[in-house]
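Trainee: Could we walk through this model together, one question at a time?
Mentor: Gladly! Have a look at it first.

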Amino acid sequence: MWTHRLIKSTYRKHILRAQRHALCRHFGAYSDTSLEALSLIIAEPPIHLSAVPRAAKYFLTKGKPLEADSLIAGLSTMDKFQRKETLYILWDQWLLSSDRGRAAKAIFPNIMERLKCNWVDPTGDTIRILSGHGPFETYLHDRTFSKHPNCPTDGLRDDPNHEVFDCFDVPDTVCDARKQVRSRSLSKAVRSKSDWLILSGALRPLIGCREAASRGLRQAQ
Ligand SMILES: [Zn+2]
């Protein structure tokens, strides 16, 4: 019954910030990962939108849709399927209206594309790789945590695609996984269930060794 108040930007800002912190802590994501990226990768709508279909149901049950926001009132006349469709449209509009979460949006341009890949398990490592917020030299350099703007081994831009598919300086598990998959980019890999399941098994050793290296470097400085 408070959902229509969330649609106002002042309240929404506070509650979305709390949701982002809670998701970062729960999944162990980097604290500067945007809610847009988290929402896409975890496939969890922002709270001000996930509450809208429930609010519509509430006002429908109470028979007072006119007391609610016009959006909620509109939804209260729809069936369950239509309410879900509307939620996806609102979710996409919210993602499009922001310039945050660009790496995740490059992989999943909309929420339906993400939902199709239901084999993508949202772990902390998956979030690091698909959001680009992880122990990658280019990311760390942009935030002044590393002296290297590129991969120290080969001088190429050190982003998640480089780490997973191109870099030579990776654990054997990653090399073995590469040999077994046909995909050569994260965008393609997430869309192939078999490729993703093989690659996702190699993410922990990869992320683990990069995090250990960057921790060691910071301690030595
Ligand atoms: Zn490299």
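**Helix α6 and beyond**

Trainee: Which residues of α6 are buried?
Mentor: Let's fix the terms. A residue is buried if 20 or more other C-beta atoms, placed from the backbone, lie within 10 Å of its own, exposed if 12 or fewer, and partly exposed in between. Helices are DSSP runs (H or I, at least four residues), numbered from the N terminus. In α6, the buried residues are Leu90, Trp91 and Leu95.

Trainee: Why are they on the same side of α6?
Mentor: The arc is taken from the directions that run from the helix axis to the C-beta atoms. On the other side of α6, Phe81, Gln82, Glu85, Ile89, Gln93 and Leu96 are exposed. The buried residues of α6 are on the same side because they cover an arc of only 135° around the axis.

Trainee: What should I know about the model itself?
Mentor: This is a predicted model, where local features need pLDDT of at least 70, side-chain atom pairs count only at pLDDT 80 or more, and totals for chains, interfaces and linings use all residues. Residues are numbered from 1 along each chain as its sequence is written.

Trainee: How far apart are the end C-alpha atoms of α6?
Mentor: The expected span is 1.5 Å times one less than the number of residues. For the 17 residues of α6 (residues 80–96) that gives 24 Å, which agrees with the distance in the model, 25 Å.

Trainee: Is Ala43 buried, exposed or partly exposed?
Mentor: Ala43 lies in the loop between α3 (35–42) and α4 (47–62). Its phi is positive, about 65°, although Ala43 is not a glycine. Ala43 has 16 C-beta neighbours inside 10 Å, so it counts as partly exposed.

Trainee: And is Thr144 buried or exposed?
Mentor: Thr144 is in the loop between α10 (137–142) and α11 (160–166), and has a positive phi near 60°. Because 7 other C-beta atoms lie within 10 Å, Thr144 is exposed.

Trainee: Which helix gives the most to the largest nonpolar core?
Mentor: Such a core is a set of buried Ala, Val, Leu, Ile, Met, Phe, Trp, Tyr and Cys residues joined through C-beta atoms within 7 Å. Among its 36 residues, Leu38, Leu40, Ile41, Ala104, Leu130, Leu186 and Leu199 touch the most other members. With 6 residues, the helix that gives the most to this core is α14 (residues 193–220).

Trainee: How many residues of α9 are buried?
Mentor: Helix α9 covers residues 124–131 and is largely enclosed by the rest of the structure. Among its buried residues are Asp125, Arg128 and Leu130. Of its 8 residues, the number buried is 7.

Note on methods
Helices (H or I, at least four residues) and strands (E, at least two) are DSSP runs, numbered from the N terminus.
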